[in-house]
Amino acid sequence: MNNGLARAFDLQKSRFIQAQEAVEAQLRTGKFGLAIGSSAQLLEDYPDRVEVWVLLGQALIGAGEVSEAIAVLVSATELDSTSSLAWSYLGHAQRLAGQLQGASDSMSQAVTLAPSDPDVLTRLGLFQCFTADYTDALATLSRVCALAPNQVVALVNLANARRFSGDIEGSIKLYDNVLSQFPNMAGVEWNRAMAILLEGDFTAGFPALESRHNKIGANPPEWSSDSWRGEPVSGRLLVEAEQGFGDLLQFSRFFALASQRCGSLTVRCHPKMASVIRMVDGVSSVVSNRDEPPEHSARIQLFSLPGVLGVVDPTQTRPQYLGWGLRPTEEWLPPRRQGEVRVGITWQGNPSYERDHLRSVAIQKLTSLFAVEHVTFYSLQKYDGSDQLRFVEPSLRPVDLGSRLDNSGQAFLETVQAMKELDLVISTDTSTVHLAGALGVPCWVLLPFAPDWRWGLNSESTPWYSNMKLFRQTSPKDWASVVDKVKRALVALKVST
């Protein structure tokens, strides 16, 4: 090669590396839309470079375009079947799509090709966390940290694995280690906040919820720097709902406290939640978050409320804060038979939640409960998961209330009335349990081994709801022992009528 051709080759290589690094920087900072455009443009110039296909796959994953990412990454593996990077990202995308067997196969192929590659092993560890194989995940991610001690992402992933496995103290130490080196690393403070709250430290945990604004992909409102700080307000305080319906129901308990510091309290939320939120103590009015916000004197997001109110324990709030004065009318259930216990049940959460496969349980695993004498079950399940009723033998099948409830466009409005006629609600970790808790209806919650932060560790009770009992997995994915404990409790249950 003459000097001119060598210089041209070096220049082309330099331009490729610069373009590649630019896309990688966009990925690190969560600019996934830009990364899609940049990597797609790069792919036009370098269609035979497998690493460019992988960059486009990563960008699509970040943007939530998982199906498109899988197609791109399959093409990457077809282009170069020896690319461990392509196989591991394909496994990552398949995991996000719920294709667990495909993800497992792709991850195995990646590890076979590169058994000591820290990046490949990191994605394997994440997959093991996702499938609740926490012992394996800890081993894999510990190995990553040994192979790449300066790779800070490996420490974060190991900290997350420790949190999921129940080692809260160990996870917090690792988060602190990372933050001492990289104080502004996106997402680490949020994961640390989850560990603190899981441990039950609300004094530190509630203020730490503010770190949600620093997560990758977070989009805090422009007015967040002028958010209400808890000072007295003579006019309207506007509370902006965030997260899911269950979060709104859970954090509605703080509206009564907030209303004592303002002239009136307005909640701006999803229009489907308007009717139920109007029943919450302290709420003066509810407006749709699809419309422009009304005039107000101060404004705050929902998750910021306990921090600015100085709440250090949920028990500082009223245990029942929704539906006071609402009385059963026997509209939904038939007259009670002598000695009958009436139980509502749900088993499936929102499947779009990343860890729903761990918190939800197939109804077939609950059928032993339906055989308990003197108990009549009523399904409150609506939409996702309701089709599972057909898998239950007709003689044991719960009465399907879900298909009749809340068909007016308002979420939970009729479920509130039906719940008030029940003696007990049994559910996995869904918005249903927060509705029951807010209403003061007795509720038993079935929890996975690694529960969400709000349920703490080990205890059978929760400070959030005095009428609630928690039934926990003692080992990952073991629903059989949980159902057995619930069945024994149900057999012993007697209700005064």
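Here a colleague questions a modeller about a predicted model.

Colleague: Why is Ser171 called buried?

Modeller: Ser171 has a relative accessible area of 0%. Buried means under 20%. The value is under the cut-off, so Ser171 counts as buried.

Colleague: Where does Ser171 lie, and what is it in contact with?

Modeller: Ser171 is part of helix H10, residues 168–181. Neighbours within four places in sequence are left aside here. Beyond those, Ser171 is in contact with Ala159, Arg162, Arg163 and Ala195.

Colleague: Which residues of H10 are buried?

Modeller: They are Ile168, Gly170, Ser171, Ile172, Leu174, Tyr175, Val178 and Leu179. Their cover includes helix H9 (152–165) and helix H11 (188–198).

Colleague: How do you know that the span of H10 is close to the expected one?

Modeller: H10 has 14 residues. The expected span is 1.5 Å times one less than that number. This gives 20 Å, and H10 reaches 20 Å from its first C-alpha to its last.

Colleague: What makes Asp167 a cap for H10?

Modeller: A side-chain oxygen of Asp167 lies 2.9 Å from the backbone nitrogen of Gly170. A polar contact needs an N or O pair within 3.5 Å. The distance meets that limit, and Asp167 caps the N-terminal end of H10.

Colleague: Now Thr317. Why does Thr317 count as buried?

Modeller: Its relative accessibility is 8%. The cut-off for buried is under 20%. Therefore Thr317 counts as buried. Thr317 is found in the loop between helix H16 (305–309) and strand S5.

Colleague: What lies 2.6 Å from a polar atom of the Thr317 side chain?

Modeller: The backbone oxygen of Pro314 does. A polar contact allows up to 3.5 Å, and 2.6 Å is within that. Leaving aside neighbours within four places in sequence, Thr317 is also in contact with Arg253, Phe254 and Leu257.

Colleague: On to the strands. What is the order of the open sheet?

Modeller: Six strands run in the order S7-S6-S5-S8-S9-S10. The pairing is parallel.

Colleague: Why do S7 and S10 stand at the edges?

Modeller: Strand S7 (399–400) and strand S10 (468–472) each have a single partner strand. So one side of each is left without a neighbour in the sheet.

Colleague: How do you know that S5 pairs with S8 and with S6?

Modeller: Pairing needs at least two bridges. Four bridges join S5 (residues 341–346) to S8 (residues 424–428). Five bridges join S5 to S6. Both counts meet the minimum, so both are pairs.

Colleague: Which residues stand opposite each other there?

Modeller: Toward S8, Thr346 stands opposite Ser427, and Ile345 stands opposite Ile426. In S6, Thr376 is the bridge partner of Arg342, and Val375 is the bridge partner of Val341.

Colleague: How many bridges join S6 to S7?

Modeller: Two bridges join them, and the strands run parallel. The minimum for a pair is two, so S6 and S7 pair. The bridge partner of Ser379 in S7 is Asp400.

Colleague: What makes S5 mostly covered?

Modeller: Six of its six residues are buried. Val341, Val343 and Ile345 point one way. Arg342, Gly344 and Thr346 point the other way.

Colleague: Why is S6 called largely enclosed?

Modeller: Five of the five residues of S6 are buried, so S6 is largely enclosed by the rest of the structure. Val375, Phe377 and Ser379 point one way, whereas Thr376 and Tyr378 point the other way.

Colleague: Which strands does helix H21 lie across?

Modeller: H21 (residues 479–492) lies across S5, strand S6 (375–379), S8, S9 and S10. H21 runs at about 165° to S9. Helix H20 lies across S5, S8, strand S9 (443–447) and S10, at about 150° to S8.

Colleague: Last, the largest nonpolar core. Which members touch the most others?

Modeller: Phe255, Ile277 and Leu305 do, in a core of 66 residues. Helix H20 (residues 431–439) gives the most to this core, with five residues. A second, separate core has 64 residues, including Ala86, Val152, Ile196 and Leu358.

Colleague: What does Leu305 touch?

Modeller: Residues up to four places away in sequence are not counted. Leu305 touches Trp228, Val239, Phe254, Phe255, Ala258 and Ile300.

Conventions: Residues numbered from 1 in each chain as written. Predicted model: local features only at pLDDT ≥ 70, side-chain atom pairs only at ≥ 80, totals over all residues. Heavy atoms only, no water. Core = buried A, V, L, I, M, F, W, Y, C linked by side-chain atoms within 4.5 Å. Buried < 20%, exposed > 50% of the residue type's maximum accessible area, 1.4 Å probe, protein only. Contact = heavy atoms within 4.5 Å. Axes fitted to C-alpha atoms, helices over the stretch in contact; angles between N-to-C directions. Polar contact = N/O pair within 3.5 Å; in protein donor to acceptor, adjacent residues only side chain to side chain.
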